Amino acid sequence: IIDKETLSIAFLGGSTGYTGTPPIPEMLSEYLNMNGVKNIIYNFSVNSSNHNQHIHRLVKYIDYSYDIVIFYGGNNESIQYLQYDTRPSYPYNYFMKNDLPIFKIFLLKYSSIFGIIENQTGLISGIHNFRKEINIDFDNWSDKIVNNYTKTINKAELLFGKNLKTNRCDNLIFIPILQPVNPQTIKEEKLWNKMKESIKNKSNFIDYSNIHKDINFFDNVHVDQLSRVKIAKLMKDDIIKIIKKKCNKNV
């Protein structure tokens, strides 16, 4: 139970929203409080999850009051499909849990040797066959990935925009944020450029894709703690501007 002076915020992302000491959503909440914005943030982020899964997660907690819903991502909705399951909107390990025979799952789960072979080749699971299909028609496949991303954002906004009760603001504020990413291969870079282009003229998005040179990456998406601080502070500034404009109440 929270009072009516408190902003209720749902934060949904993958590992970049879940990890950190503290993680980005926790720092965001602290920085908002320091700037006089009393708030509580529910961090619904889960490692390797995508926005399609985030819709289902928020539906599970749809009875809560939210003034702001933040979808923070982009990598798991694009580049992750190059690395794992290649089918748009599927969880990254769906094929491992649902499409493989039991004996293959057993080998991959309990044999380090077969696990190494799988990581290097994708032969045991057969995922290499999906990746071959990508190579044949990468442009068409990447278009489907990007279209799935924008459609999922639109579905989330349509679903939650008028169906969630708020705590402080008159109407829900839905904020999709395209995160900073550091592509490692030519295919990753091509796909990520399409992702950036897809939101270029969408006013409802916050675009952090261009700050990648100002932060330190461990891989294509994970950053160090100082970089998380930078992102959280930047997010705080942007969100304060948005709530002052859209909350319809003094914040």
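Phenylalanine 130 sits in helix H8, which covers residues 127–136. In this predicted model, the side chain is neither fully tucked away nor fully out in the open: phenylalanine 130 is partly exposed, with a relative accessible area of 27%. Leucine 82 is 48 residues away from phenylalanine 130 along the chain, yet the two C-alpha atoms are separated by 9.7 Å.

Stepping back to the whole chain, the secondary structure adds up to 11 helices and five strands. The radius of gyration is 19 Å, which agrees with the value near 18 Å that a compact globule of 251 residues would have. The C-alpha trace spans about 60 × 35 × 35 Å along its principal axes. Of the 251 residues, 49% count as buried. Long-range contacts carry a good share of the picture: among contacts with a separation of 6 or more, 76% are made by residues 24 or more positions apart. As for the outside, the accessible surface comes to about 13,200 Å², and carbon and sulfur atoms account for 51% of that.

Next, helix H2 (24–34). Its buried residues are Ile24, Pro25, Met27, Leu28, Ser29, Tyr31 and Leu32. The general pattern of an α-helix is worth keeping in mind here: with 3.6 residues a turn, residues three or four places apart point the same way. Cover for the buried residues of H2 comes from several elements, including S1, helix H1 (15–18), S2, strand S3 (68–73) and helix H11 (225–246). After H2 comes glycine 36, with a positive phi near 80°.

Helix H11 is also where lysine 236 is found. Despite being a lysine, residue 236 counts as buried, because its relative accessibility is 13% and the cut-off for buried is under 20%. Leaving out neighbours within four places in sequence, lysine 236 is in contact with Leu28, Tyr31, Leu32 and Asn35. Of these partners, Leu28, Tyr31 and Leu32 are among the buried residues of H2. The C-alpha atom of lysine 236 lies 15 Å from that of aspartate 67, a residue 169 positions away along the chain.

On to charges. The chain carries 32 positive and 25 negative side chains, and the centres of the two sets lie 2 Å apart. Side chains of opposite charge can pair when their charged atoms come close, and the count here comes to seven salt bridges. One of them joins aspartate 3 and lysine 38, at 2.5 Å from N to O. This pair ties together distant parts of the chain, 35 residues apart: aspartate 3 lies in the segment before strand S1 (7–12), and lysine 38 lies in the loop between H2 and strand S2 (39–43). Both ends have some access to the surface, with aspartate 3 partly exposed at a relative accessible area of 34% and lysine 38 partly exposed at 42%.

A second salt bridge links arginine 87 with aspartate 85, where the closest N and O atoms are 2.8 Å apart. Aspartate 85 has 0% relative accessibility and counts as buried. Aspartate 139 and lysine 194 make another salt bridge, with 3.9 Å between the closest N and O atoms. Here the link runs between two helices, from aspartate 139 in H9 (residues 138–161) to lysine 194 in H10 (residues 186–198), a span of 55 residues. Lysine 194 counts as partly exposed, at 24% relative accessibility. Shared partners also join Asp85, Arg87 and Asp99 into one network of salt bridges.

Finally, a few backbone oddities. Most residues other than glycine have a negative phi, and most peptide bonds are trans. Against that background, threonine 21 and proline 22 are joined by a cis peptide bond, with omega about 0°. Proline 22 belongs to the loop between H1 and H2. Serine 48 is not a glycine, but its phi is positive, near 70°; this serine is placed in the loop between S2 and helix H3 (51–60). Serine 89 likewise has a positive phi, of about 80°, without being a glycine, and serine 89 falls in the loop between helix H4 (80–83) and helix H5 (94–99).

Conventions: Residues numbered from 1 in each chain as written. Heavy atoms only, no water. Helix = DSSP H or I, 4+ residues; strand = E, 2+ residues; numbered from the N terminus. Rg over C-alpha atoms; globule rule 2.2 N^0.38 Å. Buried < 20%, exposed > 50% of the residue type's maximum accessible area, 1.4 Å probe, protein only. Contact = heavy atoms within 4.5 Å. Areas by Shrake-Rupley, 256 points an atom, 1.4 Å probe, with all protein chains shown as cover. Lys, Arg positive; Asp, Glu negative; His and termini not counted. Charge placed at Lys NZ, Arg CZ, Asp CG, Glu CD. Salt bridge = Lys/Arg side-chain N within 4 Å of Asp/Glu carboxyl O.
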